[in-house]
Amino acid sequence: MPPRARPPHAQVHVRGDGTFSIDFYLERDDRFAASFAHGHATMVEALRQKLPTANERPLPFRFSRCAGCGFLVFTSRDPGERVACALCGASFTTAPLDGEELAALAAGAHEAIGRRVVSCRGQVLHLLVQASAEALHEPLGHVCAGFGFAPAAADDPAVRELLDGAVAHGALDGAARWSAWRLEVADDNPAYAGAPPPHVIRLTEWLRHVDPRVRTASG
Ligand SMILES: [Zn+2]
């Protein structure tokens, strides 16, 4: 495959649900954070013009190595996604890289766009799920279990508090059936401070595949 692009370069990946992720191909020099911030603002604005209803998926950017050319792509995609490298054309699977130097670069880049990244390890997540039809209640439960969530007790104080808040805000119907789920995060999955953790974002997306009108509340 002939080379297609040269750094700096960015590519947007729009999903079926209208959310998008961005792959950045940037040199890892002392201009990295500034170049990322400029590219990010440009891409988000371009998307807003082109697809006004699209939203950036709120997942932090991480480095993954292209298996073809070895370039470290800074991407907000999920681990395990297939990406066609914009530089060499090879197809590779995202596998976030760790290490102090990359972590420092990533932290500086996020800071440059006003976002703080936190680890979700040890957090206890709760999710309430309300199907739009009785027949979908069980399939939605299978999805939650498949994502590692376990049923939570209906009288768990955290569940009650979440339910009361969700009903008060109209996110859930207090009179309809709901199920409660919990997950204690055992890995270092990064999330944006103040945004839902990746576990909840991915699970909610899958629940919407099964039931586009599903109602959820998380905390
Ligand atoms: Zn490549």
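Visitor: So helices (H or I, at least four residues) and strands (E, at least two) are DSSP runs, numbered from the N terminus. How many of each does the protein chain have?

Guide: The protein chain has five helices and 13 strands. This is a predicted model: local features need pLDDT of at least 70, side-chain atom pairs count only at pLDDT 80 or more, and totals for chains, interfaces and linings use all residues. Residues are numbered from 1 along each chain as its sequence is written.

Visitor: Thanks! What does the C-alpha trace span along its principal axes?

Guide: The trace of the protein chain spans about 55 × 35 × 30 Å. The domain assignment splits the chain into domain 1 (9–115) and domain 2 (119–218), with bounds that come from an automatic or database domain assignment. The centres of domain 1 and domain 2, taken over C-alpha atoms, are 27 Å apart.

Visitor: How many residues does the contact take from each domain?

Guide: Seven residues come from domain 1 and nine residues from domain 2. Two residues are in contact if their C-beta atoms, placed from the backbone, lie within 7 Å.

Visitor: Okay, new topic. Which way do strand 4 and strand 5 run?

Guide: Strand 4 (residues 62–65) and strand 5 (residues 72–75) run antiparallel, and four bridges join them. Two strands pair if DSSP finds at least two bridges between them. Across this pairing, Phe63 stands opposite Phe74 in strand 5.

Visitor: What do strand 4 and strand 5 form?

Guide: They form a hairpin, with six residues between the two strands. In the turn, Gly70 has a positive phi of about 80°. For background, most residues other than glycine have a negative phi, and most peptide bonds are trans.

Visitor: Then where is the cis peptide bond?

Guide: That bond goes from Pro7 to Pro8, and its omega is near -5°. Pro8 lies in the segment before strand 1 (9–14).

Visitor: Back to the hairpin. Where does Cys66 lie?

Guide: Cys66 sits in the loop between strand 4 and strand 5.

Visitor: Is Cys66 buried or exposed?

Guide: Cys66 is buried, because 22 other C-beta atoms lie within 10 Å of its own. The rule is that 20 or more such atoms within 10 Å make a residue buried, 12 or fewer make it exposed, and anything in between makes it partly exposed, with C-beta atoms placed from the backbone. Leaving aside neighbours within four places in sequence, Cys66 is in contact with residues including Phe71, Val73, Cys85 and Phe92.

Visitor: And Thr19, why is it called partly exposed?

Guide: Thr19 is partly exposed because it has 16 other C-beta atoms within 10 Å. Thr19 is found in strand 2 (residues 19–25). With neighbours within four places in sequence left aside, Thr19 is in contact with Ala54, Asn55 and Arg57.

Visitor: Let's switch to the open sheet. What is the order of its strands?

Guide: The four strands have the order 10-11-9-13, with antiparallel pairing. Strand 10 (150–151) and strand 13 (215–218) are the edge strands, as each pairs on one side only. Strands of a sheet pair through backbone hydrogen bonds, either parallel or antiparallel.

Visitor: How many bridges join strand 9 to strand 11?

Guide: Six bridges join strand 9 to strand 11, and one of the facing pairs is Leu125 opposite Leu183 in strand 11. Strand 9 is joined to strand 13 by four bridges, and Val129 has Thr216 in strand 13 as its bridge partner. Strand 9 is also mostly covered: six of its seven residues are buried.

Visitor: What lies across strand 9?

Guide: Helix 4 lies across strand 9, strand 11 and strand 13, running at about 50° to strand 9. Axes here are lines fitted to C-alpha atoms, for helices over the stretch in contact, and angles run from 0 to 180 degrees between N-to-C directions.

Visitor: Last one! Which residues touch the most other members in the largest nonpolar core?

Guide: Leu127, Leu128, Val129, Cys144, Trp181 and Leu203 do, in a core of 23 residues. A nonpolar core is a set of buried Ala, Val, Leu, Ile, Met, Phe, Trp, Tyr and Cys residues joined through C-beta atoms within 7 Å. Elements that give two or more residues to this core include strand 9 (124–130) and helix 3 (137–146). Another core, of 18 residues, lies apart from it, with Ile22, Leu26, Phe63 and Cys85 among them.
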